[in-house]
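The following explanation is intended for a reader who meets this structure for the first time. It proceeds from the sheets to the core, and then to the loops and the surface.

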Amino acid sequence: MATNIDIWQPVSRSSPDEFDLLENQELEKFLTNKGVFESREESSKREEVLGRLDQIVKTWVKNVCRAKGYSESIVDEANAKLFTFGSYRLGVHGPGADIDTLCVGPQYASRSEDFFGGLQKMLSEMPEVEELHPITEAYVPVMKFKFNGVSIDLLYANVSLSCIPEDLDISQDSILLNVDPKTVRSLNGCRVTDLILRLVPNVETFCTTLKCMRLWAKRRGIYSNVSGFLGGINLALLVARVCQMYPNAIPSMLVTRFFRVYDQWRWPLPVMLCPVEEGSLGLRTWDPRTNCMDKLHRMPIITPAYPSMNSSYNVSASTLQFMVQEFHRGNEICKAIEVSKGSCWDSLFEPFAFFEAYRNYLQIDIAAKDGVDLLNWKGWVESRIRLLTLKIERDTNGMVQCHPQPGEFSEKSKPFQHSYFMGLQRKQQGSANPKESQLQVDLRTTVDEFINYDVYEYASWKERMSIQVFHIKRKEIPTFVFPGGVHPSQPIRERRLSVKRSRSHTTDAAIDTISKKTKRSENTVHLDIISEILGNFDSSRVLLLLKGLRSNSSSSKPLMVFTAEQDSGASKTGNSGCNVHMQQELEVSSIFYAFCFRLYIIIFFFLLYSIVRLYCNVLFFSTHTLFYCNEYSSFAPTKVSGNR
């Protein structure tokens, strides 16, 4: 990709002044008080765990080599090497953070059979290993577990080598020869991390700044790549680019420059640390000129290692809007710090009051039979929640924005159940007309599609794995999400929320749990029959109408219909995007849909019957008339010729 070389030059080489040095001391003191830095004891424990894990994978690969019938001399030379990447490799991990690790094995040790088979069994039998959770269907397959209390995320890459040397250099592009795409993505984590450390002008300054920005993202509720926000690698690339632009700046200066740069950034202009390399292996790289899907990325943050990829492809229109608002908020606070010549870092890192920011929420409850099933079910549902955000944006034409809260909440009395929450608000418009500022949204079809086609497609689904989706108002938020189990005090400026209800319904019921085995099998059978009758009728809507046929007045579930209005003022908390007013309504019940669908079928068959009967009558009349004429001609008097 051709790139103007001028963009890689520093913006400023200015050095810090006395005020910057003082602010930097205050910032480091603030980070220390917040417990960002790890103790020596915990650091030593991590090193011991990594050493033990390295011995385990070496033993495992020798067992695989022996099981495949290789000679003892080859078994003795068999080896696997462990690499670290992510926050631990960058040196920005905090207390209790997980360690991202990569196991590089020989070509005969497969991922599905040996790594997720033999090694997983080997780890499950060890008393030091807890909460073992393999995720084989992920974009980058990973095995999650705790080893002596230390969280480990273990990836695997089987390269095209029969023996793995101890001095293996995975930064060389030749390591990507003749490997599958999952191996390429697994190797890219380590390759990107090492290249970032080589591209920043000052590693120590970069690490301190990155620790600061990670703390800010977590406290502001935008630290979650799986939810469509910023993950560890995204923040590392953003901070590294600012470090390149201001090579002589110290962390306090880089923090203010970070918000200044990305508050003015024109997305989807990509963030890149170096030009994208085409490479000689023919692997697909990020290039919106040739790849249509790359044009749809809203916040491209490109990895520097070959093959270059967009590390933030999960970002949606809603999550991008919230992150842009947070960049603007941070920039305004940093401007105030510079003007006042005083430290005010507490306001920058003030936690985002998510459960006070919106008037309407979606609550997603998941449950499973036991802890192991819940762990697997939880990982799958978390990876699907971003699809619900995309579907709501699609079905509302972008008029409703969704703010998923990273992380789950659980109630002590229900150990095998987790809850997730998503804030809902209307997209801010400049319309002054009250009628134009209102929007009615029905989310039932969207939620049903999400549950049936996205969540319950889980290949490892088991009995009693369930999901429920509720619409709740702010005052209905369960108490177990708040510290101490107590609702916070109401804002000073209480916002009014009126509720319109249907004549036949007066309660807000949850969307019922959908049983996978029964309903999916029934839906499939009925859908095939109805699709043949209705032709090109939308199959997803047929499926939803079929659910209405099976429901009755006692078990019908309400439609989530909102009337969203745009507020003229901001909330007391000062959080952007909190000026939305939504009213809940119940649409026509599912009985009405069932009645309409039955009426449609009756009319269809009645017309079909009428046409067939009319055709039969015409055919019968024509045949009868012809027969009558022939019979009449045989009895007619014969004309006599001749004279009288």
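Which residue in β10 stands opposite Asn360? The partner of Asn360 is Lys473. The model in which this pair is found is a predicted one. The pair belongs to the pairing of strand β6, which covers residues 360-367, with β10; the two strands are joined in the antiparallel sense over eight bridges.

These two strands are part of an open sheet of four strands, arranged in the order β7-β8-β6-β10 with antiparallel pairing. Its edges are formed by β7 (400-404) and β10 (466-473), each of which pairs on one side only. From one strand to the next, the twist averages 25°. In general, the strands of a sheet pair through backbone hydrogen bonds, and they may do so in a parallel or an antiparallel way.

The edge strand β7 merits closer attention. Its pairing with strand β8 (residues 417-426) is antiparallel and comprises five bridges. Within this pairing, Pro404 has Met422 in β8 opposite to it. Is β7 enclosed or open to the surroundings? Five of the five residues of β7 are buried, and the strand is therefore largely enclosed by the rest of the structure. In a regular strand, side chains alternate between the two faces of the sheet. In β7, Val400, Cys402 and Pro404 point one way, whereas Gln401 and His403 point the other way, and all of these residues are buried.

A second open sheet contains five strands in the order β1-β2-β5-β4-β3, and its pairing is mixed. The edge strands here are β1 (81-85) and β3 (129-135), each of which pairs on one side only. Neighbouring strands of this sheet are turned against each other by 25° on average, with direction ignored.

Within the five-stranded sheet, the strands β3, β4 and β5 can be followed in turn. A hairpin of six residues joins β3 to β4. These two strands run antiparallel, and five bridges join β3 to β4, which spans residues 142-147. Two pairs illustrate the register: Val129 stands opposite Phe147 in β4, and His133 has Lys144 in β4 as its bridge partner. On its other pairing, β4 meets strand β5 (residues 150-158), again in the antiparallel sense and over five bridges. Here Met143 stands opposite Leu154 in β5. The hairpin of β4 and β5 has two residues between the strands, and in this hairpin Asn148 takes a positive phi near 55°.

From the sheets the description turns to the interior. The largest nonpolar core has 71 residues, and the members that touch the most others are Phe206, Trp216, Phe258 and Tyr262. Several helices each supply at least two residues of this core, among them α1 (18-33), α6 (181-199), α7 (203-219), α9 (251-263) and α10 (317-340). Which helix provides the largest share of the core? That helix is α8, with nine residues.

The loop between α9 and α10 contains Pro268 and also Pro307. Each of these prolines takes part in a cis peptide bond. Trp267 and Pro268 are joined by such a bond with omega at about 10°, and Tyr306 and Pro307 by another, with omega at about -5°.

Two further loops hold residues with a notable backbone angle. Asn397 lies in the loop between α13 (371-395) and β7. Although Asn397 is not a glycine, its phi is positive, at about 55°. Is Asn397 buried or exposed? With a relative accessibility of 68%, Asn397 counts as exposed, because the threshold for that class is over 50%. Arg464 is found in the loop between α14 (444-455) and β10. Arg464, too, is a residue other than glycine with a positive phi, near 75°. At 54% relative accessibility, Arg464 also counts as exposed.

The last feature lies on the surface. Phe595, Leu599, Ile603, Phe606 and Leu607 form a nonpolar patch there, and together they have about 500 Å² of accessible area. One of these residues, Leu599, is found in helix α17, which comprises residues 590-635. Leu599 has a relative accessible area of 38% and is thus partly exposed, since this class lies between the limits of 20% and 50%.

Terms used:
Residues are numbered from 1 along each chain as its sequence is written. This is a predicted model: local features need pLDDT of at least 70, side-chain atom pairs count only at pLDDT 80 or more; totals for chains, interfaces and linings use all residues. Side-chain values use heavy atoms; hydrogens and water are left out. Two strands pair if DSSP finds at least two bridges between them. Axes are lines fitted to C-alpha atoms, for helices over the stretch in contact, and angles run from 0 to 180 degrees between N-to-C directions. Patches are made of residues with over 30% relative accessible area and no salt bridge: like charges are joined within 9 Å, nonpolar side chains (Val, Leu, Ile, Met, Phe, Trp, Tyr) within 5 Å. Accessible areas come from the Shrake-Rupley method with a 1.4 Å probe; for residues, only the protein chains shown count as cover. A salt bridge is a side-chain nitrogen of Lys or Arg within 4 Å of a carboxyl oxygen of Asp or Glu. Buried means under 20% relative accessible area, exposed over 50%, partly exposed in between (1.4 Å probe, protein chains only). A nonpolar core is a set of buried Ala, Val, Leu, Ile, Met, Phe, Trp, Tyr and Cys residues joined through side-chain atoms within 4.5 Å.
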